[in-house]
Amino acid sequence: MTTPSATPRVRRLPERAVLVELPASADAVEADPTALPGVAPAAAWRRWGWAVAFVPTVALLVYQRLATGRGWSVPDAVVVVGTIGLLVTALLALVRYLDDRVAAGLARGRDALLAAPVRTTGTLSLAAPDDRAPGDAAPGDGADAHEVHGNLVVSTPSGTTTRPLRVAVPSGVARPRPGDPVAVWHAAEDDDASGVVLVRYHRDWADDLLAALRGGDAGPVHDPEPQEADGPDVREGRPPGAE
């Protein structure tokens, strides 16, 4: 695993472009992807808010036109509300347009990833235990479902980049720890991993990789529970905490 540079480039890309899987076994982490996790749809107001604003705005404009043609007086409030409605409709229509462009880009990226996947290794940059919000579970094996936010640091031949990451951890599944390695898949044509990427994490797989790095004198990538350098887990090549 390539050591990330001290100042990785931060990609301002949609968080939805980083797809996360938590396989049931460590062996499944490195299996070639044949399907990708679904992407959460955009909020309903982002998709249909323009229509909600458009209907009453059209009604006000029609009333204003009829009233003018028949010589009725049109209250100033009707003109103001109609103008505001047009502006809100245009703004929400722009939001829908941009969301549709993002969705189309994600679809193309997913197709490219499945057509020619390339695997590399990344590192999770998450909040340290002392930085947890009140009520958050410890970064170990919590019993409750939890959502983890952070960054994914990926090293590719074209450089090191950082992507925003969100991991929904189900109940009973080991939560990722700061500095844990992950398997990252990106499309062959996406040599800087700036498009859609698939991230897989499993606690046993991460522990095995960290133990292999320590055994190969690569130094610990992270050590949330410090132990002596000559302890039995390191010396015998077992994952930390193995019995």
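Helices (H or I, at least four residues) and strands (E, at least two) are DSSP runs, numbered from the N terminus. The model is predicted: local features need pLDDT of at least 70, side-chain atom pairs count only at pLDDT 80 or more, and totals for chains, interfaces and linings use all residues. Residues are numbered from 1 along each chain as its sequence is written, and side-chain values use heavy atoms, with hydrogens and water left out.

**View 1. Two annotated segments are helical throughout.**
An unreviewed UniProt entry lists residues 48–66 and 78–98 as "transmembrane region". UniProt positions follow the numbering used here, feature names are shortened, and annotations may be inferred rather than shown by experiment. Residues 48–66 are 100% helix and 0% strand, with end C-alpha atoms 28 Å apart. Residues 78–98 are also 100% helix and 0% strand. Their end C-alpha atoms lie 30 Å apart.

**View 2. Helix α1 packs against α2.**
Helix α1 covers residues 44–69, 26 in number. From first C-alpha to last it reaches 38 Å, close to the expected 38 Å at 1.5 Å a residue. That expected span is 1.5 Å times one less than the number of residues. Gly 49, Ala 53, Thr 57 and Ala 67 of α1 are buried. Buried means under 20% relative accessible area, exposed over 50%, partly exposed in between (1.4 Å probe, protein chains only). The buried residues of α1 pack against α2 (76–115), where contact means heavy atoms within 4.5 Å. Ile 84 sits in helix α2. Its relative accessibility is 47%, so Ile 84 counts as partly exposed. Ile 84 and Thr 57 are 27 residues apart in sequence, yet 8.5 Å apart from C-alpha to C-alpha. Just after α1, Gly 71 has a positive phi of about 80°.

**View 3. Leu 36 is a buried loop residue.**
Leu 36 belongs to the loop between β2 (18–21) and α1. It counts as buried because its relative accessibility is 13%. Beyond four places in sequence, Leu 36 touches Leu 19, Arg 110, Leu 113, Leu 114 and Leu 198. Leu 36 and Leu 113 are 77 residues apart along the chain, with C-alpha atoms separated by 9.1 Å.

**View 4. A hairpin links β4 and β5.**
Strands β4 (residues 146–156) and β5 (residues 159–169) run antiparallel, joined by 11 bridges. Strands pair if DSSP finds at least two bridges between them. Two residues form the hairpin connection from β4 to β5. His 146 stands opposite Val 169 in β5.

**View 5. Strand β6 holds His 186.**
His 186 lies in β6 (residues 181–187). Its relative accessibility is 5%, so His 186 counts as buried. A polar atom of the His 186 side chain lies 2.9 Å from the backbone oxygen of Asp 190. Outside its neighbours within four places in sequence, His 186 contacts residues including Leu 113, Pro 117, Thr 156, Asp 191 and Val 197.

**View 6. The largest nonpolar core has 20 residues.**
A nonpolar core is a set of buried Ala, Val, Leu, Ile, Met, Phe, Trp, Tyr and Cys residues joined through side-chain atoms within 4.5 Å. Leu 124, Leu 152, Val 182, Val 184, Val 197 and Val 199 have the most contacts inside the largest core. At least two residues of this core come from each of β3 (117–126), β4, β5, β6, β7 (197–200) and α3 (203–215). Apart from it lies another core of eight residues, among them Ala 17, Leu 106, Leu 113 and Val 196.

Methods:
Polar contact = N/O pair within 3.5 Å; in protein donor to acceptor, adjacent residues only side chain to side chain.
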